[in-house]
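Colleague: I'd love a close look at one part of this model: the main pocket, with the helix packing and the smaller spaces that connect to that picture. Please walk me through it piece by piece.

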Amino acid sequence: MDLSIHQLRTFREVARQGSVTRAARNLGYAQSSITGHIKSLETKLGYPLLKRLPHGVRLTQHGEIVRDYAERIMLTIQEMNGALQPQGEAEGRVAVGADPVLMEQRLGRLIREARYRYPKVTVSPRQVSVHDAAESVTRGETQLAVVAFEDGTGMFPDGLVAEKLPPLTLAPVASPTLAATPVTDSARPLRVLTVSADCTCHLPLVAALRSRYGVDVSVIEAGSVGGVRELARAGYGLAMLPAPDDSLAAQGLQVVPGMPHAELDVRLVYSRPDHLGRAARSIAELIRRMPQPATTAGVPGGAALGDMLVS
């Protein structure tokens with residue numbers, strides 16, 4: 001079976017994007033070229049790989065099988081390239097996945113540092129949920145992933161490394177008016193803001209409100225860290241954000257007294273080190289050496305979540 005690498009790369013991008021149009025834009029091909037690659041691949045394999053929909057495409061059962069193998073093939077090619085160039089300057093593209101909070105807080109600094117230290121390496125950030133990080137690395141969609149979570153039990157399967165990084169320190173924040181209103185004031189609706197249902201940052205705050213004050217809360221998904229910050233600034237609810245005290249006033253926010261500060265576990269997730277190319281290994285080392293983010297004053301370092309209720 002004579003399969004072309006560029007056809008597999010094209011199919012992988014269409015599968016990732018769920019759209020021929022987006023795949024063509026990302027790869028720099030005309031849509032007709034993308035369609036031609038897919039049709040040729042389907043002819044060689046003898047099975048339809050995509051089901052055309054009014055808006056995008058969906059993988060068939062055979063398409064899902066080919067997608068998984070295509071990811072592994074492309075990852076193997078990347079490993080081969082890294083093995084052939086063990087010396088000299090690192091170069092290439094490294095896809096780094098991160099959950100929304102770490103995407104904002106740490107990946108910006110990583111990209112700046114990488115451009116300075118490894119000018120021939122391009123860091124390609126991909127937003128992944130904490131629950132999808134392992135799968136994205138396994139499939140080769142990302143070479144590295146950085147995620148924060150409260151409990152990672154069973155999250156990382158055999159064959160993946162989940163290396164511990166400095167924890168993510170979270171502060172309970174709200175607008176000055178809301179922060180000064182007692183939690184027990186029944187006249188106001190109590191809302192906790194979060195990026196999405198997959199984000200774990202809000203869980204310590206929800207648990208503390210229920211256990212300490214016996215109140216239930218509404219959890220509102222804002223879609224992004226910026227959305228959470230904007231809603232909190234507008235007085236719509238409480239939020240857990242990785243902001244040090246000295247920057248809160250400028251954001252129109254302040255720490256809520258009597259609410260928990262927290263530390264979430266942060267892990268760098270990747271395949272076995274011998275599966276990483278030189279560029280990915282270089283970026284992984286940068287991630288390890290990045291200074292620990294500034295923490296909120298008054299949070300006892302290393303304490304368990306249950307011990308971090310501060311008045």
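Modeller: Happy to! A helix axis here is a line fitted to C-alpha atoms over the stretch in contact, and the angle between two axes runs from 0 to 180 degrees between their N-to-C directions. Please keep in mind that this is a predicted model.

With that in hand, let's start with α1 and α2. Their axes are 8 Å apart and pack at an angle of about 125°. Angles from 65 to 115 degrees count as roughly perpendicular and those over 145 as roughly antiparallel, so α1 and α2 are oblique to each other. The crossing of α1 past α2 is right-handed. On the α1 side the contact uses Arg-9, Thr-10, Glu-13, Val-14 and Gln-17, and these meet Val-20, Arg-22, Ala-23, Asn-26 and Leu-27 of α2. Sorted by class, this contact has 4 nonpolar, 3 polar and 3 charged residues.

Now to the pocket itself. The largest pocket has a volume of about 720 Å³. It is lined by 29 residues, and Arg-12, Gln-78, Gly-92, Arg-93 and Gln-143 are the closest to its centre. Two or more lining residues come from each of α1 (5-17), α2 (20-27), α4 (61-84), β3 (92-98), β4 (121-127) and α11 (278-289). The helix pair described above, α1 and α2, is thus part of the wall. The biggest contribution to this lining is that of α4, with 7 residues. In character, the lining has 11 charged, 10 polar and 8 nonpolar residues.

From the wall we can follow α11 outward to its contact with α5. Helix α5 covers residues 100-117, and its axis comes within 10 Å of that of α11, crossing at roughly 125°. That angle makes α5 oblique to α11. This crossing, too, is right-handed. Here Leu-110, Glu-113, Ala-114 and Arg-117 of α5 meet Ile-283, Leu-286, Ile-287 and Arg-289 of α11. The contact has 5 nonpolar and 3 charged residues, with no polar ones.

Helix α5 has another partner in α9 (residues 225-233), where the axes come within 8 Å and cross at roughly 95°. Angles of 65 to 115 degrees count as roughly perpendicular, so that is the relation between α5 and α9. In this contact, Pro-100, Val-101 and Glu-104 of α5 meet Val-225, Gly-226 and Arg-229 of α9. By class, these residues are 3 nonpolar, 1 polar and 2 charged.

That leaves the smaller spaces. The second largest pocket has a volume of about 150 Å³. Its lining consists of Arg-72, Leu-75, Thr-138, Pro-157, Asp-158, Gly-159, Leu-160, Ser-271, Arg-272 and His-275. These divide into 3 nonpolar, 4 polar and 3 charged residues.

Turning to enclosed space, the structure holds 4 cavities of 30 Å³ or more. The second largest cavity has a volume of about 70 Å³. Of its 10 lining residues, Leu-75, Gln-143, Ser-271, His-275 and Leu-276 lie nearest its centre. Leu-75, Ser-271 and His-275 also line the second largest pocket, while Gln-143 is one of the residues closest to the centre of the largest pocket. Once more α4 gives the largest share of the lining, here 3 residues. This cavity lining has 6 polar, 3 nonpolar and 1 charged residues.

Note on methods:
Residues are numbered from 1 along each chain as its sequence is written. This is a predicted model: local features need pLDDT of at least 70, side-chain atom pairs count only at pLDDT 80 or more; totals for chains, interfaces and linings use all residues. Side-chain values use heavy atoms; hydrogens and water are left out. On a 1 Å grid over the protein atoms alone, a cavity is a set of points where a 1.4 Å probe fits but cannot get out, and a pocket is an open set with protein on both sides within 12 Å along at least five of seven lines; lining residues have an atom within 4 Å of a point. Grid points are joined across faces, edges and corners, and a volume is the space filled by probe spheres set on the points. Helices (H or I, at least four residues) and strands (E, at least two) are DSSP runs, numbered from the N terminus. Ala, Val, Leu, Ile, Met, Phe, Trp, Tyr, Cys and Pro count as nonpolar, Asp, Glu, Lys and Arg as charged, and the others, Gly among them, as polar. Angles under 35 degrees count as roughly parallel, over 145 as roughly antiparallel, 65 to 115 as roughly perpendicular and the rest as oblique. A crossing is left-handed if the near helix is turned anticlockwise from the far one by less than a right angle, and right-handed if clockwise. Contact means heavy atoms within 4.5 Å.
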